Amino acid sequence: MGYWLSRERRHQAAGVIQRFDARFWTVNFPRPMMAAVTTIAPDALRVDCVFYRADDLAGLIWEAEDRWDHPLLRYETARDFRDCRLSFRWRSGGVRALDAVNGPVLTIEGRDRNGDPRTWYVRLWNYAEGMPEDALISIDFASVVGGFMLPAEADTVWAGDVDRMFVSLVPRDYSGADALLAAPAEGWAEMSAIRCEGAGAVIAIGDVIVPEHGIGIAGGYDDSYNLTPARLLRNALQLGYRGAIVHYVGMSHYFRLEANSGGLYVSLAGGALNAACAAWHRDCAARARELGYDIIWSLSYELFDRHCWGDWKQRAADGAPALTGWSPPSTLLSPTHAGAMNYLQAVARAFVAIGVEAGLAAHFQVGKPWWWVMPDGRPCLYDASAVAAFAPVPIATIAGAKSPAEIATLDTAGAALAASTAVLVAAARAVAADCRTYLLAYLPTVLVAAAPEAKRVNLPIGWASPAFDVLQLEDYDWVTAGDTASSRAGATAAAARLGYPPGRQDYFAGFVRDAADATPHWRQIAAAADAARRRGVARAYFWALPQVMRDGLVHWDEEEPVIAFDDVLFPLALGREAEVAPEFSTTIVASAGGRETRNVAWAGARTRYDAGPGVRSEQDIRVRLDFFRARMGPARGFRLRDPFDADAADVAIGTGDGATRRFALVKHYGATVRRITRPVAGSVAVRLGGVATAGFALEQGGHVVFDAAPASGVTITASFAFDVPVRFAEDRLSVTRATFLAGAAPSVPLIEIRED
């Protein structure tokens, strides 16, 4: 698997677009309102809005700098708009009209001629011809002026250094007051026949097309609601992702809200989805079908806490609600609450119906359903509906051994969770009987060594095959921590518990929350996805498309490499006459005064060997010639037992931190550390704090993986024998009978291979 994190477009393919292209506008707005922008024609866009407050305002935004697309697909940064003339037809409904106070204004943010920050407010009605809700608008940025009443309030705009501009949309009953509207209000606006003329009308845009590869892509509405579906799918398509897109519908932007007791709470009044969300997803589904994608609709039990009914929430024994670590937090819906589960079923039906209406095959994923566990280990099994459903006994923490009564509670809670997901699947299949169903389980929360019974409640037997068509596994905490042992063991344990063979499994690789971690984490994610594919899963996915776009990830499939190493030992022991020569790469520069500057290029020595001296017979020569041919000369590596350096005793390989399980074998030469990648099988002995332990496994590449993470501060030492990975140093091996009979040894040069 190949990957690259691109930072900018340099020599890659590029094209051009018209400035103000309908695909590249975005929206922004304050909670709790909702807005979405879609492209309704190549030169037209539509904004759908849902307003709840008298001061709600949505902005339809054009940015001079593209901050959203993948670096290889971005349009160029162009801040000078003075050579642009923009025209379009404006139509609207349910929002303040063009001629009204607080009607649509084009806000221009940038700097004036002196470079000082400035904002100008251009009333669109001043540049309109027609009716307040249906007009033609033309703006020449070389001469545009702001102000409400012209010419009395004229404010000349200097459009030579603009960061962004946006059109404001407010409800008809907008007052600016911090208060709820009498009722939720829907509105919309369309810009059609968008034209940009003048010398600055065309800008460059990245047009890279990555070849199709075998990794799938996942994304989420909460991360992409501000973009047009056309823009999002353009990135997926041109970055080589094909097949099914897993689309998490989110937990904070899809719902309708109703007022109650001074707050706003999720509601089915008028339908399961708000108008803006429904418009966005209808457009997304239609475009996905045109591009040959399937959509796997993903719905979780997570909901934005501020808008969740109090009795729907999972709760700890003290009544504290289940809250995630997001800011602001989300909460988890109780699987036993009829109202909460009926709500999720309605949402599932709505999204699956959108896909079916667009002509897509029906796919539905139940995404990471679980009973929440507080950071201190308290399970949230005690909301009123759960208490009524299965009378849970007190459980202070999910960690540690459990009594029979506690185990019974965990089993019963797990059965309730499984029953709720079964009903959710049935709701999706009520829309499409052939709906393919998926379960996404997040393994680091359910397969925890310190909490061996957690799987009873959050990986219940009720999910066993054939409850779902596909089991999908995610484990990004393990992946980004480099804990490959837990990833491998977790996948094995989940498959054994639920009975889904690899061919009915998908794997979700990674999650890069912080862009600062992009370089190390994407390397680990790519390796984890590659390992899952080798394991035989049906599909591996990167999570998530917005992060792929943010971090510049480019992925491509590579042909399986020629086997570069044969795990066999050089067939003859090196004799006393064999030559062993460690070497370094050091550049030494001497000044005129004789002082030296030394630049050490290698952190450790690379050893050369000559295995020719010590050859005792023609049989030895035949063995070495056969071995040379089998390795294709220097093409394949192999093991060599160094007669002078082949073991280590009580070498410090790390210090426990209570979390890390995987440690690399090393040998110390003073301050220099040498990685040992080819330990001799059966020779590795490990001590924790000086006490021998058998609770470990030896992983390929010379890594010790403990059954349980060593405690913080514990010194880890290892004793072992090891071989050196080497290859033949030359493409030819010259031996003659005459030479051997004359008593001269043939030269058999070998060179150490760097494996880590």
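How many bridges join strand E19 to strand E20, and in which sense do the two run? I will start with that pair and then work outwards. The model is a predicted one.

Strand E19 covers residues 256-260 and strand E20 covers residues 263-267. Five bridges join them, and the strands run antiparallel. Within the pair, Glu258 stands opposite Tyr265 of E20. The two strands make a hairpin, with two residues between them. One residue to look at in the turn is Ser261, where phi is positive at about 55°. Ser261 is not a glycine, and most residues other than glycine have a negative phi. Is Ser261 buried or exposed? Ser261 counts as exposed because its relative accessibility is 74%, and the cut-off for exposed is over 50%.

Now the whole protein. There are 756 residues, and 52% of them are buried. The secondary structure comes to 13 helices and 46 strands. Along the principal axes, the C-alpha atoms fill a box of roughly 105 × 75 × 50 Å. The accessible surface is about 32200 Å², and carbon and sulfur atoms hold 52% of that. Taking contacts with a separation of 6 or more, 77% are between residues 24 or more positions apart. As for charges, there are 75 positive and 86 negative, and their mean positions lie 4 Å apart.

Next, the sheets. I will take two of them.

The open sheet has five strands, in the order E3-E6-E14-E8-E9, with antiparallel pairing. Its edges are strand E3, residues 26-28, and strand E9, residues 117-123, each of which pairs on one side only. On average, neighbouring strands in this sheet are turned by 25° against each other, ignoring direction. At the E3 edge, three bridges connect E3 with strand E6, residues 58-63, and the two run antiparallel. One of the residue pairs there is Val27 with Leu60 of E6.

The other sheet is a closed barrel. What is the strand order of this barrel? Its eight strands go E17-E18-E21-E24-E25-E26-E27-E28, and the pairing is parallel. Here the average turn between neighbouring strands, direction ignored, is 25°. Take strands E25 and E26 as an example: residues 436-442 pair with residues 470-474 in the parallel sense, over five bridges. Leu440 has Gln472 of E26 as its bridge partner.

Two helices that pack on the barrel are worth pointing out. Helix H6, residues 404-431, touches strand E21 (294-300), strand E24 (363-367) and E25. The direction of H6 makes about 160° with that of E24. Helix H10, residues 518-535, touches strand E17 (215-220), strand E27 (505-509) and strand E28 (539-543). The direction of H10 makes about 165° with that of E28.

H10 also contains a proline, Pro520. Pro520 counts as partly exposed, because its relative accessibility is 31%, between the cut-offs of 20% and 50%. From Pro520 to Ala322 is 198 residues along the chain, and their C-alpha atoms are separated by 32 Å.

Helix H2, residues 229-238, is mostly covered, with nine of its ten residues buried. The buried residues include Arg231 and Arg234, along with Leu232 and Leu233. After H2 comes Gly240, with a positive phi near 90°.

Last, some backbone details. Most peptide bonds are trans, and I have two cis bonds to show. Leu150 and Pro151 are joined by a cis peptide bond, with omega about 5°. Pro151 sits in the loop between strand E12 (145-146) and strand E13 (155-156). Ser465 and Pro466 are also joined by a cis peptide bond, with omega about 15°. Pro466 is in the loop between helix H7 (454-458) and E26, and E26 is one of the barrel strands.

Besides Ser261, there is a positive phi at Asp650, near 50°. Where does Asp650 lie? Asp650 is in strand E36, residues 647-655. Asp650 counts as partly exposed because its relative accessible area is 46%. Ser261, by comparison, lies in the loop between E19 and E20, which brings us back to the opening hairpin.

Key:
Residues are numbered from 1 along each chain as its sequence is written. This is a predicted model: local features need pLDDT of at least 70, side-chain atom pairs count only at pLDDT 80 or more; totals for chains, interfaces and linings use all residues. Side-chain values use heavy atoms; hydrogens and water are left out. Helices (H or I, at least four residues) and strands (E, at least two) are DSSP runs, numbered from the N terminus. Buried means under 20% relative accessible area, exposed over 50%, partly exposed in between (1.4 Å probe, protein chains only). Contact means heavy atoms within 4.5 Å. Accessible areas come from the Shrake-Rupley method with a 1.4 Å probe; for residues, only the protein chains shown count as cover. Lys and Arg count as positive and Asp and Glu as negative; His and the chain ends are not counted. The place of a charge is taken as NZ of Lys, CZ of Arg, CG of Asp or CD of Glu. Two strands pair if DSSP finds at least two bridges between them. Axes are lines fitted to C-alpha atoms, for helices over the stretch in contact, and angles run from 0 to 180 degrees between N-to-C directions.
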